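Visitor: I am new to this structure. Please show it to me, and then let me ask how each label is earned.

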Amino acid sequence: MRQHDKCGLLLTWTKTCELLKKRLHQATFEQWFGSIVPVRLDGEQIVLGVSDDFFADWLKENFGDILTDALSESSGQKFSFTLETGHVNVDEIKESAEIDAEAEAASPAEDFSKNRTNSNGSARHTFANFVVGEENRYAYAAAKTAADTPGVYNPLYIYGGTGIGKTHLLQAVANQVLERNSRAVVKYVTCEEFLNNYVDSLRNKRHSEFRSSVRKLDVILVDDVHMLANKTQLQEEFFNTFNSLYNENKQIILTSDKQPCEIIGLEDRLVSRFESGVTTEISAPVFETRLAILRMMQEGHIIKIEDEVLVFLANRISSSVRRLKGALLRLVAFASAMSNRRITIEDAESLLHKVIEEESASKIISIYSIQKAVADHFDIRVNDILSEKRPKNIAEPRMVAMYLCRKMTNHSFPEIGAAFGKNHATIMNANKKIPELCERNESMKRSLSLIQRQLQQS
Ligand code: ADP
Ligand code: MG
């Protein structure tokens with residue numbers, strides 16, 4: 001962007017914010033406009049950066065008119081706005097720039113550690129604001145040990161569903177390591193960013209620089225390594241990176257939505273590397289954890305939601321912490337837009353009816369309903385599925401049922417094993433075999449998707 005345009009952009013945005021401040025409650029302004037990043041001017045339109053779709057929708061719906069008016073007034077002509085998601089707010093940028101600057105000071109001028117678009121994560125994700133419950137206790141303790149005594153649990157591999165705190169823990173490690181030693185070279189990176197950096201380095205013929213910068217790291221935190229699946233060349237690079245850091249006893253922490261052996265298309269040598277240290281699962285949060293998280297979030301908010309509403313949310317939303325937090329934020333936003341109105345359970349029910357419906361739909365899928373649906377589909381009995389019988393017409397449906405239980409419920413391998421009278425290894429085996437079978441067998445693939453749809457609709 002040219003300097004002139006940049007000045008115009010900042011001027012327009014600053015003036016607009018001044019107008020908005022006069023017209024809105026301070027808390028409302030802070031909540032909705034404080035984190036917006038002015039991106040660029042596009043003719044008679046300003047492009048504003050916001051964090052995500054939820055934020056963008058809400059802003060458009062509730063503050064669209066006010067914002068357009070203020071923009072037009074401050075620029076003296078008819079002016080509109082568009083929103084671009086994926087922007088972190090200014091404080092976060094400042095925080096991460098500080099962290100990056102520290103990392104850079106210790107490790108000058110290389111591509112990988114200089115990368116600013118990704119940071120070492122948000123300084124807001126710490127161990128202190130991570131609520132510990134039975135489902136994440138072990139992962140929390142392991143991450144803390146890795147941060148305090150790097151190299152002891154190596155690699156540490158944390159897996160589990162989405163929105164349950166994996167990224168939070170990784171970033172907590174990054175923050176804690178830097179707090180203990182500001183000269184430590186710590187890198188938080190998503191697997192996708194690792195891929196992008198690697199590809200860029202090949203394109204720019206800076207591959208050896210990329211390599212040496214990665215190898216200078218003291219701690220590497222790679223988020224979502226299931227993304228390595230089926231990317232042969234990247235796996236090769238990752239394997240080499242892993243080995244060189246591991247051999248120097250540098251701490252490696254990986255997260256994924258699956259266990260290493262469950263990642264289809266991940267080379268055996270990586271599976272065995274990933275499994276060679278400590279592997280720990282985080283499962284969906286229990287009620288007590290969910291409520292504790294909501295109560296903790298209240299501490300940081302100016303607008304308080306009553307405890308009975310929090311209990312209602314914790315009861316109704318159980319699949320992911322991200323959803324739970326989103327739900328609370330939505331209520332806070334509503335209260336704020338309504339001049340701090342008191343929020344009742346009825347408000348919560350109507351504002352969040354979509355999320356709540358989705359949650360209850362995902363809950364009724366029990367292990368038994370899966371066994372029943374599979375048995376019906378293949379025209380056998382549930383008792384056959386639970387028996388020791390081995391003919392193919394029973395053994396395959398049994399594996400299908402096991403696979404679907406893992407896929408469609410939040411139960412762990414041992415829990416599913418118990419429900420089938422088998423051990424967890426049998427379930428893990430089914431979980432690996434069925435996708436392979438589907439690749440070879442079109443009719444099995446169709447059966448599977450049919451059963452899933454039936455279960456989702458029932
Ligand atoms: P994942 O990486 O597993 O998909 P995240 O780590 O991004 O999930 O978590 C989603 C959101 O929920 C984040 O805002 C995170 O801070 C929050 N969160 C998850 N678990 C906890 C917890 N135990 N205590 C506090 N916040 C949590
Ligand atoms: Mg994550």
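Guide: Start with one term: a residue is called buried when its relative accessible area is under 20%, exposed when over 50%, and partly exposed in between. The model is predicted, and buried residues make up 48% of the 458 residues in its protein chain.

Visitor: What makes V189 count as buried?

Guide: Its relative accessibility is 0%. The cut-off for buried is under 20%, so V189 counts as buried. V189 lies in strand β5, residues 186-190. The C-alpha atoms of V189 and Q171 are separated by 9.7 Å, with their positions 18 residues apart along the chain counted as the offset.

Visitor: Why is N175 called buried or exposed?

Guide: N175 has 13% relative accessibility. That value falls under 20%, so N175 counts as buried. The residue is found in helix α7.

Visitor: What makes the pair N175 and H125 a polar contact?

Guide: A polar atom of the N175 side chain lies 2.8 Å from the backbone oxygen of H125. A polar contact needs a pair of N or O atoms within 3.5 Å, and 2.8 Å meets that limit.

Visitor: How do you know whether D224 is buried, partly exposed or exposed?

Guide: The relative accessible area of D224 is 26%. Values that are neither under 20% nor over 50% are called partly exposed, so D224 is partly exposed. D224 lies in the loop between β6 (219-223) and α10 (232-247).

Visitor: And what is the label for D379?

Guide: D379 has a relative accessible area of 70%. Exposed requires over 50%, so D379 is exposed. This residue is found in the loop between α17 (367-378) and α18 (382-386).

Visitor: Why is the phi of D224 worth pointing out?

Guide: Most residues other than glycine have a negative phi. D224 is not a glycine, yet has a positive phi of about 60°. D379 is not a glycine either, and its phi is positive at about 60°.

Visitor: What makes the peptide bond from N154 to P155 stand apart?

Guide: Most peptide bonds are trans. The bond from N154 to P155 is cis, with omega near -15°. P155 is found in the loop between α6 (137-148) and β4 (156-159).

Visitor: Which residues come nearest to ligand 1?

Guide: There are 17 residues around ligand 1, and V131, G163, K166, T167 and H168 come nearest. The residues of this shell divide into 5 nonpolar, 9 polar and 3 charged. Helices α7 (166-180) and α14 (321-337) each supply at least two residues of the shell.

Visitor: How do you know that the backbone of V131 makes a polar contact with ligand 1?

Guide: A backbone N or O atom of V131 lies 2.8 Å from a nitrogen atom of the ligand. The limit is within 3.5 Å, so the pair qualifies. For I164, a backbone N or O atom lies 3.1 Å from an oxygen atom of ligand 1. A polar backbone atom of G165 is also 3.1 Å from an oxygen atom of the ligand. Taken alone, ligand 1 exposes 560 Å², and the protein buries 92% of that.

Visitor: Why is ligand 1 said to lie between domain 2 and domain 3?

Guide: Domain 2 (105-281) and domain 3 (287-363) both give residues to the shell around ligand 1, so the ligand lies between them.

Technical notes:
Residues numbered from 1 in each chain as written. Chains lettered and ligands numbered in written order. Predicted model: local features only at pLDDT ≥ 70, side-chain atom pairs only at ≥ 80, totals over all residues. Heavy atoms only, no water. Buried < 20%, exposed > 50% of the residue type's maximum accessible area, 1.4 Å probe, protein only. Near = heavy atom within 4 Å. Polar contact = N/O pair within 3.5 Å; in protein donor to acceptor, adjacent residues only side chain to side chain. Areas by Shrake-Rupley, 256 points an atom, 1.4 Å probe, with all protein chains shown as cover. Helix = DSSP H or I, 4+ residues; strand = E, 2+ residues; numbered from the N terminus. Nonpolar A, V, L, I, M, F, W, Y, C, P; charged D, E, K, R; others polar. Domains from an automatic or database assignment.
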